[in-house]
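Welcome, and please open your viewer. We will move from one selection to the next and look at what is there.

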Amino acid sequence: MPALACYVDASVVPTPGYAFAGESALPMSEVFSSSGAPPSINTAAAAFTTVHASWSPAQSSALYRVDGWGSPYFSVNSSGNISISPHGVGTLAHQEIDLLKVVKKVSEPKSSGGLGLQLPLIVRFPDVLKNRLESLQSAFNFAIQSHCYEAHYQGVYPVKCNQDRYVVEDIVEFGSGFRFGLEAGSKPELLLAMSCLCKGSPEAFLVCNGFKDAEYVSLALVARKLHLNTVIVLEQEEELDIVIDISRKLGVRPVIGVRAKLRTKHSGHFGSTSGEKGKFGLTTTQILRVVKRLEQYEMLDCLQLLHFHIGSQIPSTALLADGVGEAAQIYCELVRLGACVKVLDIGGGLGIDYDGSKSQDSDISVGYNLEEYASAVVQAVRLACDRKGVKHPVLCSESGRAIVSHHSILLFEAVSASSYQSPPTSFNGFQNLVEKLPNDALADYQRNLSAAAIRGDNDSCLLYAEQLKQRCVEQFKEGSLGIEQLAAVDGLCELVSKAIGVSDPVRTYHVNLSVFTSIPDFWGIGQLFPVIPIHRLDEHPAARGILSDLTCDSDGKIDKFIGGESSLPLHELEGNGGINGGGGSYYLGMFLGGAYEEALGGVHNLFGGPSVVRVSQCNGPHSFAVTHAAPGPSCADVLRMMQFEPHLMFETLKHRAEELANNDDDDPNGSMALASSLARCFDNMPYLVAASSCSLTAAAPAIGGNSYYYCNDENFVPSADSVAVEDEQWSYCVA
């Protein structure tokens with residue numbers, strides 16, 4: 001007899017008129033045997049081992065779609081860890097980097113040979129960045145050769161995608177051999193672009209987009225004085241007057257571009273900036289007026305670039321070719337009108353396949369690769385120009401997302417998980433639940449719920465359980481029911497749901513992260529990124545969960561995942577987790593997030609950004625070296641963002657501690673220890689660490705238990721059950 005019916009049979013006298021059913025429609029519970037007794041631990045472990053012993057890293061790779069969205073940079077290695085191929089398809093076996101080893105050596109304390117950085121952590125791989133640049137250039141070079149195109153390609157990186165100093169400097173350095181430049185959309189972006197390009201190719205473009213005032217235009221013209229290949233792109237018609245006026249005052253001949261507002265538009269969120277109703281660009285009427293105005297000032301030779309932008313994440317090459325073809329027609333018309341246009345800037349739009357589906361009908365995927373994208377562009381421009389007998393223009397693109405997304409990984413730790421599995425309930429436990437029910441609920445249980453269970457009527461069981469629960473909740477709100485009785489009702493209803501097999505198996509994994517700070521696009525626009533465990537991928541993920549962050553905000557969670565999933569396959573935490581539970585650490589990674597996330601992130605709940613390291617491939621025994629490391633913003637740093645003065649705050653707290661210590665004869669020196677601990681709290685990151693690392697516990701031993709505290713990095717030591725520290729010391733090249 002099924003589990004629930006067994007309990008009913010043993011504990012409840014059936015209502016007159018009902019007979020016990022020999023077999024019930026209720027499925028056998030996985031928790032109880034037919035005798036009502038839970039299986040032994042050894043039996044359960046043996047069953048689990050039998051079912052999942054053959055689980056392999058290849059199965060995890062398929063489960064998390066790693067080969068789809070991760071190729072050619074990410075894979076699952078034979079140890080069940082995520083492996084990085086820093087040179088893409090050209091990576092040799094000995095050059096692969098085990099991501100778990102990177103995390104261990106970055107987060108281990110300095111006394112153990114690590115860097116002592118706290119998670120969350122961004123790991124940048126400049127080798128991947130270099131490979132992305134080279135792959136993009138190679139794709140256009142191949143397309144140009146294949147289609148007999150008579151000009152070259154030289155792209156620019158839009159710094160808004162990721163303004164990090166090392167990212168921008170790397171792109172300038174890696175791209176100098178093929179004249180790769182930068183694009184700026186504001187005055188500070190223009191300043192950093194000017195500074196970085198002083199070390200780049202003199203032919204590299206400095207494309208100036210965005211809304212402009214006199215100061216912006218003056219700065220761009222100063223860049224030309226500094227022999228930077230600067231192009232001022234008109235986003236609005238009235239900007240032309242500013243350019244003409246300032247260029248005359250400074251005595252600088254400008255190079256001007258115009259942004260065309262195309263009719264071509266793609267659907268979805270990322271297409272909202274394109275089309276006739278787009279935010280930026282000039283209509284054909286406005287472009288004609290610009291041409292005439294430049295003619296009047298004998299400056300038509302200054303108009304040398306046509307720019308357009310269909311929208312980010314262009315889903316198909318068909319749509320791409322349609323937009324490029326339209327823009328190429330405008331380019332040919334500008335040539336006919338006498339403009340000296342030489343460059344066609346196709347803007348951004350080169351998409352990323354975030355879910356590995358290669359779909360043309362999704363905001364998070366694209367139906368082409370780099371080679372197909374470049375071929376569609378080159379072919380569309382060549383066709384339009386050849387038809388009009390126009391010389392082929394230099395091709396430029398602003399493919400920021402495609403360049404930087406892969407090179408950066410956000411790593412964070414699951415610190416605990418809610419449990420949906422109650423301890424196995426014995427017959428005595430079930431009987432105790434029933435005995436605690438209030439009288440009217442007990443009568444209703446005997447009259448309806450137990451009878452339905454005996455009949456095997458699952459639907460009625462669920463209906464009666466829900467009605468019983470709702471009535472008891474109302475009684476509790478009215479004050480006529482105690483919390484013990486309400487808990488008994490909750491327990492009974494949970495048992496019914498689990499016995500029938502309709503209980504929600506999705507758990508909540510609490511992660512040491514702020515979604516608002518580190519993954520703002522998920523919260524803001526619902527952008528999905530691949531999120532997976534970075535280790536234990538040779539084990540079957542027996543649970544499903546959503547991820548809940550540290551913020552005091554119900555939106556601070558990740559509950560949508562690639563593949564249309566509302567939960568993520570995850571592993572059981574060892575012990576109670578890696579912070580205070582005494583178990584091993586469980587690390588998760590968010591991939592393909594190198595564009596936009598860092599610049600858009602805020603400081604909700606005053607959680608600052610992650611720690612950051614740069615990891616380069618080397619020929620040492622572990623295949624990598626850390627070339628730069630920076631801890632995340634401290635508590636003092638984020639407080640300064642809110643106009644607080646941390647040193648004044650500390651003095652206030654120190655003064656209060658001294659006042660109280662003067663009245664404490666038992667601990668006259670306590671104020672000094674407390675003040676020292678408070679000072680360290682200002683210096684530490686806002687994220688969670690184990691209580692054993694708390695800088696306050698030394699001054700206040702009574703503070704303890706299993707709470708989380710701010711980290712004292714110098715004293716942080718992983719628990720004994722964490723991933724083992726290897727005996728050998730690793731060498732680092734620290735810039």
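Two strands pair if DSSP finds at least two bridges between them. Helices (H or I, at least four residues) and strands (E, at least two) are DSSP runs, numbered from the N terminus. This model is predicted: local features need pLDDT of at least 70, and side-chain atom pairs count only at pLDDT 80 or more, while totals for chains, interfaces and linings use all residues. Residues are numbered from 1 along each chain as its sequence is written, and side-chain values use heavy atoms, leaving out hydrogens and water.

**First stop: strand β16.** Select residues 543–548. Five of the six residues here are buried (under 20% relative accessible area, 1.4 Å probe, protein chains only), so β16 is largely enclosed by the rest of the structure.

Which strands pair with β16 in the antiparallel sense? One is β18 (residues 568–570), over three bridges, where Leu 568 stands opposite Gly 545. Another is β17 (residues 557–558), joined by two bridges; there, Ile 558 faces Leu 547 as its opposite. Now add β14 (residues 506–511), which pairs with β16 in the parallel sense over five bridges. Look for Val 506 opposite Arg 544.

**Second stop: an open sheet.** Eight strands lie in the order β5-β6-β7-β8-β9-β10-β11-β12, with parallel pairing. At the edges, β5 (156–158) and β12 (394–396) each pair on one side only.

Zoom in on β8 (residues 229–234) and β9 (residues 256–259), parallel strands joined by three bridges. Leu 234 has Val 258 in β9 as its bridge partner.

**Last stop: helix α9.** Select Val 222, which is found in this helix. Val 222 is partly exposed (between 20% and 50%), with a relative accessible area of 33%.
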